[in-house]
Amino acid sequence: MRNTRRALWLLRKRHFRALLRRLRRWLWYDGVAFGLAYDPRVTVTARIPRTPVEVRPIRSDEAAVFTALPPGGTPRVEALTRASARHLLESGLTTCYVGVTEEGPVYMQFLVTADQNKRLAEVYGGLFPPLADDEGLLEFAFTLQQHRTRPVMPTVLLRLIEIAREKGLRRVVMYVHADSPTLIRFYLRVGFVPFAVRVERSRLLRRRLQFRPLTPDAIGGLAEPGDINALAESLSRFAAS
């Protein structure tokens, strides 16, 4: 049902290329993501670029900033991201935070906690394992296109780690797709540690998920972005065996 609503919304907005890309993923998709974890009780010591940003829970009147689409013309990736943002903001997940500059909200991300496990399972269909009571999930980092040259994401990430600590959490986790090696390297530099690999396969609207434990040094020592992709392919073949 959730997929149908997103598809109909894209259709109404006449974003046909974005809709076609989404349909292809539902019909046939192979993906690998690395689970990364951080202990928010540990202060981040890495030198991370920052920008003046206020981080706070999103207000209901700010959702349209991240979900509104003009009638056609938007790049398909942007259209899909905004469709997903709309779905998540209407899903019942209640811990979406925004990064606010002098120009208003420019970034959104969820910090999901264990009290939302039931809703998390309903929204994502098992894409994430249930959270422990002292665990949080960082999910769906989205910077508005015109602000992506500024270091908004790193600033908000550091603040969300602080918020996790203030909530008494002992671990925050995220899943980063293997085809984003630059992003993986950034999180490793912050201090996130690999702990799992998730292999996802979709065939004709049916999805299969596998989770395998990952040693902390499995990707931390890789020298080239291509090495991460090679490791992902190897893990994918291993999980399928």
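These are my notebook entries on a predicted model, taken element by element.

**Entry 1: helix α6**

I started with helix α6, which covers residues 152–166. My check was on its length: at 1.5 Å a residue, the 15 residues should span 21 Å, and the end C-alpha atoms are indeed 21 Å apart, so the expected and modelled spans agree.

Next I asked how many of the 15 residues of α6 are buried. The count is 11, so I noted the helix as mostly covered. The buried set begins with Val152, Met153, Pro154, Thr155, Val156, Leu157 and Leu158, and Leu160, Ile161, Ile163 and Ala164 complete the list. Past the helix comes Gly168, and I wrote down its positive phi, near 85°.

**Entry 2: the largest nonpolar core**

Then I looked at the nonpolar cores. The largest has 36 residues, and the members that touch the most others are Leu138, Leu157, Val172, Met174, Tyr187, Val190 and Phe192. Which elements each supply at least two residues of this core? I found β1, β4 (104–113), α6, β6 (171–177), α7 (181–190) and β7 (193–203). The largest share, 9 residues, is from α6. A friendly reminder to myself: nonpolar side chains tend to be buried together in soluble globular proteins.

There is also a second core, separate from this one, with 25 residues. Ala37, Leu93, Val112 and Val173 are among them.

**Entry 3: Val172 and Leu36**

I picked Val172 for a closer look. With neighbours within four places in sequence left aside, Val172 is in contact with Leu36, Ala37, Tyr38 and Pro40, among others. The rest of its contact list reads Leu111, Gly136, Leu138, Ala164 and Phe192.

From there I followed Leu36, which sits in strand β1 (residues 28–38). Is Leu36 buried or exposed? Its relative accessible area is 0%, so Leu36 is buried. I also checked Leu36 against Gly191: the two are 155 residues apart along the chain, yet their C-alpha atoms are separated by 9.4 Å.

**Entry 4: the β7–β8 hairpin**

Strand β7 runs antiparallel to strand β8 (residues 206–213), and 8 bridges join them. I looked up one bridge by name: Ala196 has Pro213 in β8 as its partner. The two strands form a hairpin with 2 residues between them. In the turn, Leu204 has a positive phi of about 55°.

**Entry 5: aromatic rings**

How many aromatic pairs does the structure hold? I have 9 in my notes. I took down the geometry of the pair formed by Tyr124 and Phe128: the ring centres are 4.8 Å apart and the planes are at 80°, which makes the pair edge-to-face because that angle is over 60 degrees. Tyr124 counts as buried at 12% relative accessibility, and Phe128 counts as buried at 7%.

Tyr187 and Phe192 also make an edge-to-face pair, with centres 5.5 Å apart and planes at 70°. Tyr187 is buried, with a relative accessible area of 4%, and Phe192 is buried too, at 3%. Both residues had already come up in Entry 2, among the members of the largest core that touch the most others.

Last, I traced one aromatic cluster, formed by Tyr124, Phe128, Tyr175, Phe195 and Phe211. What lies over the face of Phe195? I found Arg171 there, at 4.4 Å from the ring centre.

Note on methods:
Residues numbered from 1 in each chain as written. Heavy atoms only, no water. Helix = DSSP H or I, 4+ residues; strand = E, 2+ residues; numbered from the N terminus. Expected span 1.5 Å × (residues − 1). Buried < 20%, exposed > 50% of the residue type's maximum accessible area, 1.4 Å probe, protein only. Core = buried A, V, L, I, M, F, W, Y, C linked by side-chain atoms within 4.5 Å. Contact = heavy atoms within 4.5 Å. Pairing = 2+ DSSP bridges. Phe/Tyr/Trp six-rings, centres within 6.5 Å; stacked < 30°, edge-to-face > 60°. Lys NZ or Arg CZ within 6 Å of the ring centre and 35° of its normal.
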